[in-house]
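Please open the model in your viewer and keep the selection panel at hand. The tour moves from an enclosed space to a strand pair and then to charged side chains.

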Amino acid sequence: MEQLIIYLARALVDQPDQVSVRASDAEGARLFELKVAPEDVGKVIGRDGRTVGALRTLLGAAAQKQGQKVRLEIQDDRRQASPPASPSSPEGQ
């Protein structure tokens, strides 16, 4: 399953050497976390999430054939890089 994810992701991105997958067991299913270069995240997600939705459908069908359940998440380092929002101070106190 991991090799399928890597194969598909590398076909979609501009920097295939930065594609990596981490697998773990979570909530009764196998969780795959896909990490790509920050500038390739949009290519893997696609417009309105269509590409990642198609990837999840393919993985679900392959997993079901093997009697497994899988989840796919995309690691987005761009979100983690942004500074946290500062709490606003209440006015008039």
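**The cavity and its lining**

Begin with helix α1, which gives the largest share of the lining of the largest cavity, three residues; helices and strands here are DSSP runs, of at least four residues (H or I) and at least two (E) respectively, numbered from the N terminus. This is a predicted model, in which local features need pLDDT of at least 70 and side-chain atom pairs count only at pLDDT 80 or more, while totals for chains, interfaces and linings use all residues. Residues are numbered from 1 along each chain as its sequence is written, and side-chain values use heavy atoms, with hydrogens and water left out.

Next select Ile5, Leu8, Ala9, Leu34, Leu55, Leu59 and Leu72, which line this cavity, a set of points on a 1 Å grid over the protein atoms alone where a 1.4 Å probe fits but cannot get out, with lining residues having an atom within 4 Å of a point.

**The strand pair**

Now select β2 (residues 29–35) and β3, which run parallel and are joined by six bridges, at least two being needed for a pair. Phe32 stands opposite Leu72 in β3.

**Salt bridges**

Finally, show Arg22 and Glu33, whose side chains meet in a salt bridge at 2.4 Å, N to O (a side-chain nitrogen of Lys or Arg within 4 Å of a carboxyl oxygen of Asp or Glu). Arg22 lies in strand β1 (residues 20–26) and Glu33 in strand β2, so the pair ties together parts that are 11 residues apart in sequence. Asp48 and Arg50 form another salt bridge, their closest N and O atoms being 4.0 Å apart.

Definitions and conventions. 1 Å grid on protein atoms, 1.4 Å probe; cavity = no way out; pocket = protein on both sides within 12 Å on 5 of 7 lines; lining within 4 Å.
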